[in-house]
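Me: Please walk me through the pockets, the cavities and the sheet of this model. Keep it brisk.

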Amino acid sequence: MRQAVTTLSIQTHGQGLVEVTEPIARWLGGQGIATGLLTVFCRHTSASLVIQENADPDVRTDLERFFQRLVAEDPSLYDHTLEGPDDMPAHIRSALTTVQLSIPVVEGRMALGTWQGVYLFEHRRRPHGRQIVLHVLGE
């Protein structure tokens with residue numbers, strides 16, 4: 001059994017989904033692990049991770065709009081407002097999604113479906129530098 005770990009730095013452009021499938025796949029391909037489990041972990045509380053369709057960009061647009069409607073950016077609704085009106089909604093959106101994904105590794109690749117991609121979901125309005133930790137365990 002072998003394992004490897006790295007951290008990816010991702011620059012966001014504000015709220016929205018940033019596809020990170022390719023940098024993850026490149027790193028994984030260089031590890032020489034054919035079968036195992038990949039953990040993808042977001043080190044933030046106002047961004048999250050999702051596996052979602054990567055073929056039709058309308059899916060991402062619809063998801064982003066849905067989360068904006070679901071969790072309002074209205075400071076009158078929250079006690080935590082020191083970091084701006086988008087911060088507490090970003091924490092809630094992150095709690096509704098996830099900060100960790102477990103993806104099987106088969107034949108040295110992520111076992112994603114045909115139309116699936118891995119996304120960092122930025123919940124804050126302004127650009128941020130985000131870190132994603134990758135850990136693979138296998139043989």
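Me: What volume does the largest pocket have?
Reply: This is a predicted model. The program's figure for its largest pocket is about 240 Å³.

Me: Which residues are closest to the centre of the largest pocket?
Reply: The lining of the largest pocket holds 15 residues. Closest to its centre are A25, R109, M110, A111 and L112.

Me: Which element gives the most to the lining of the largest pocket?
Reply: Two elements each supply at least two residues of this lining: β6 (109-110) and α1 (21-29). With 4 residues, the top contributor is α1.

Me: How many residues in the lining of the largest pocket are charged?
Reply: Sort the lining by class. Polar residues number 7 and nonpolar ones 6. The charged residues number 2.

Me: What volume does the largest cavity have?
Reply: Searching the whole structure with a cut-off of 30 Å³ or more gives 1 cavity. The volume of the largest cavity is about 60 Å³.

Me: Which element gives the most to the lining of the largest cavity?
Reply: The lining consists of Q15, G16, E64, F67, Q68, R93, F121, E122 and H123. At least two residues each come from β7 and from α2 (57-70). The biggest share, 3 residues, belongs to α2.

Me: How many residues in the lining of the largest cavity are nonpolar?
Reply: Again, go by class. The lining of the largest cavity has 3 charged and 4 polar residues. Its nonpolar residues number 2.

Me: What is the order of the strands in the open sheet of 3 strands?
Reply: Strands of a sheet pair through backbone hydrogen bonds, parallel or antiparallel. In this open sheet the pairing is antiparallel. The edge strands, each paired on one side only, are β2 (16-19) and β4 (47-53). The order is β2-β7-β4.

Me: By what angle are neighbouring strands of this sheet turned against each other on average?
Reply: Take the sheet with the order β2-β7-β4. Ignore strand direction, and the average turn between neighbours is 35°.

Me: Over how many bridges do β2 and β7 pair?
Reply: Strand β7 covers residues 116-122. Its pairing with β2 runs in the antiparallel sense. The count of bridges is 4.

Me: Which residue in β7 is the bridge partner of E19?
Reply: β2 spans 16-19, and β2 pairs with β7. Look across to β7 from E19. The partner there is Y119.

Terms used. Residues are numbered from 1 along each chain as its sequence is written. This is a predicted model: local features need pLDDT of at least 70, side-chain atom pairs count only at pLDDT 80 or more; totals for chains, interfaces and linings use all residues. Side-chain values use heavy atoms; hydrogens and water are left out. Two strands pair if DSSP finds at least two bridges between them. Axes are lines fitted to C-alpha atoms, for helices over the stretch in contact, and angles run from 0 to 180 degrees between N-to-C directions. On a 1 Å grid over the protein atoms alone, a cavity is a set of points where a 1.4 Å probe fits but cannot get out, and a pocket is an open set with protein on both sides within 12 Å along at least five of seven lines; lining residues have an atom within 4 Å of a point. Grid points are joined across faces, edges and corners, and a volume is the space filled by probe spheres set on the points. Ala, Val, Leu, Ile, Met, Phe, Trp, Tyr, Cys and Pro count as nonpolar, Asp, Glu, Lys and Arg as charged, and the others, Gly among them, as polar.
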